[in-house]
Structures are given as C-alpha cells and as structure tokens.
Amino acid sequence: MSEFRLTQISDTHLARRLQKLTDNFHRVSEHIDATRPDLVINSGDISFDGPTSRSDLEFAKEMHDALPVPCRLLPGNHDVGDNPTAIGPAPKQPATEEERRKYLSVAGEDRWRFDAAGWCFIGLNSLIMNTGIESEAEQFGWLVSELASVNGKPVALFLHKPLYLNTPDDPEIEASAIRYVPQPRRKNLIEMFSAVDLRLVASGHVHQRRDFTFGHTRHVWAPSAGFIIPDRMQEVIGAKEVGLVEYRFQPDSFEVRHVRAPGQTDVGLDELLGKAAKD
C-alpha cells in the first residue's frame with residue numbers, strides 16, 4: 001500500500017442520555033462515510049463515564065462498530081479512570097486493573113501496533129502510566145519489543161493524553177498536571193521513542209485543536225468530536241472547537257488536514273450538563 005488514509009476522532013464522550021453528543025457523532029459518521037478513510041482511530045474518552053456506567057461504554061462501542069470503515073480504539077480517563085500525578089490531588093476515579101479489564105471486556109484492546117504505507121503505527125494506554133499497576137509494566141515491556149522491530153520505519157504514536165504542552169522538559173504544575181502524560185513516565189516514554197524515527201504524536205484529551213512541531217516530531221491534538229470546555233474551566237491553549245483530523249501517510253511523508261464534519265456543532269459543557277441534569 002503506497003498511501004494510507006487515516007481519520008482521528010477523539011473525546012466523543014458517548015452516552016445514550018446525551019443526544020447532542022450522539023448527534024455530533026452521527027455527523028462525524030456521515031463525514032467518514034463520505035470520505036472513506038482506510039481506518040478510523042478514536043484516541044480516547046469514547047464514553048461519557050465508563051467507570052461508573054458500563055452502559056456508556058457499551059453504547060460507545062456500538063456506535064463505533066456501526067462506522068462504515070474499520071476502527072481502532074484507545075482508552076481515555078473517562079473510560080478507565082485517570083493516572084496519579086506527582087503534583088495535584090489524587091484522581092477521584094483512578095485507573096485500576098479492574099477498570100482496565102472492564103474496558104477490555106467491551107472494547108477488546110487498549111494498545112496496538114500495525115504497519116501500513118511504510119509506517120509503523122503504535123497506540124498506547126496513557127492512563128495506566130504512573131499507576132504502578134501490573135499492566136503498566138506489561139505495556140512498557142510490550143512497547144520495548146515492538147520498537148525493536150520497527151526496522152527504520154517512521155513511527156506514528158497515538159495516545160489519549162498529549163506528552164507535553166511545548167517541550168519535553170515542561171514542568172508539571174498543579175493546574176495542568178492531569179492534562180499530559182505524567183512524569184516520570186513521560187521521560188521514560190520519550191527516551192524509548194528516541195531510539196526510533198518518531199514523526200508524529202497524535203493525542204486528544206484537552207478538547208482543543210493544536211498542531212506544533214518539536215524537533216522532528218509533529219504533535220497533533222485532536223479536538224473533541226463532542227463538546228467544548230468553557231474558558232472559566234480551562235484556559236485557551238489551542239482552538240476550542242469540535243472536529244476531527246485527517247491524515248494521509250505515504251512512505252517517508254505524511255499530510256495533516258484539520259476538518260470539521262458538516263453539521264457538527266460546538267456544544268458547550270454547561271449546555272450539555274444542564275441537559276443531562278434534566279434527563
């Protein structure tokens with residue numbers, strides 16, 4: 001295959017009770033049907049609240065299974081719980097082996113690797129990083145093995161949380177520590193990928209669209225496909241809008257297109273939670 005077309009969606013936050021998010025997902029699905037990429041990747045938070053509502057996860061999986069092209073999923077904090085950070089409060093819903101197993105029973109996988117168009121694509125569960133649970137070590141062991149067989153191909157990494165805001169050495173601060181892969185696992189991950197030709201890190205989580213390059217690695221933050229977060233809850237560090245990201249990979253090169261599906265609407269979190277409270 002000389003070209004591989006991939007569409008990244010993220011933070012769909014699906015739940016049967018949240019019709020506005022379902023509507024946005026339908027618009028995304030229609031766009032995917034019209035454009036027919038080779039693969040769709042959801043980079044996490046597929047469900048609105050998986051740890052407390054298995055039905056949210058099941059509904060999200062049903063919706064993704066109905067997409068007209070193959071789809072791969074990665075977990076987000078709303079699917080398996082969050083990771084602890086050195087700075088700031090402990091997560092109210094920590095990522096645990098139990099939550100991961102519940103996710104796997106519905107979604108099937110939380111990490112993957114495949115090759116296409118001369119590229120190696122790797123998807124990781126970023127929420128178990130820094131937890132100390134058994135699957136964290138297992139994933140790092142698996143990653144060592146996978147990276148050893150890249151054989152010089154350029155690498156695209158997909159995960160829920162961005163690695164950092166601007167540079168690998170960005171300090172963790174209380175207001176934003178939960179936004180990025182936590183230290184010291186961030187440093188471990190960067191060191192591991194320094195041994196290969198890492199060209200792309202694609203993430204979600206922040207609900208803001210952002211695209212920047214550090215060194216020779218491009219960092220693409222997909223916006224939420226579902227809703228935006230008000231400024232009083234989160235400062236602006238990118239573009240607050242709903243949408244998706246389209247990629248075109250060819251041997252040794254790739255293109256990125258930032259798009260919005262026709263009919264997608266910028267649902268606000270306040271509007272969403274107000275509606276949810278009435279349901």
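Here is a short conversation about helix packing, backbone details and nonpolar cores in this predicted model.

Colleague: Happy to look at this with you; what should I know about the numbering and the values?
Modeller: Residues are numbered from 1 along each chain as its sequence is written, and side-chain values use heavy atoms, with hydrogens and water left out. As the model is predicted, local features need pLDDT of at least 70 and side-chain atom pairs count only at pLDDT 80 or more, while totals for chains, interfaces and linings use all residues.

Colleague: At roughly what angle do the axes of helix H1 and helix H2 cross?
Modeller: Helices here are DSSP runs of H or I with at least four residues, strands are E runs of at least two, and both are numbered from the N terminus. Axes are lines fitted to C-alpha atoms, for helices over the stretch in contact, with angles from 0 to 180 degrees between N-to-C directions. The axes of H1 (residues 19-35) and H2 (residues 54-65) come within 11 Å, and they cross at roughly 20°.

Colleague: Which residues of H1 and H2 make the contact?
Modeller: Contact means heavy atoms within 4.5 Å. From H2 come Phe59, Met63 and His64, and from H1 come Thr22, Phe25 and His26.

Colleague: Where is the cis peptide bond that involves Pro184?
Modeller: Pro184 sits in the loop between strand E6 (154-158) and helix H6 (185-193). With omega about 0°, the cis bond joins Pro184 to Gln183.

Colleague: Is His205 buried or exposed?
Modeller: His205 belongs to the loop between strand E7 (197-203) and strand E8 (210-214), and its phi is positive, about 75°, although it is not a glycine. Buried means under 20% relative accessible area, exposed over 50% and partly exposed in between, using a 1.4 Å probe and protein chains only. His205 has 13% relative accessibility, so it counts as buried.

Colleague: Which helix gives the largest share of the largest nonpolar core?
Modeller: A nonpolar core is a set of buried Ala, Val, Leu, Ile, Met, Phe, Trp, Tyr and Cys residues joined through side-chain atoms within 4.5 Å. The largest one has 25 residues, with Ile122, Leu124, Leu143, Leu189 and Phe193 having the most contacts inside it. E5, H5, E6, H6 and E7 each supply at least two of its residues. The largest share, four residues, comes from H5.

Colleague: And how many residues does the other core have?
Modeller: That core lies apart from the largest one and includes Leu14, Val28, Val40 and Phe59. Its size is 24 residues.
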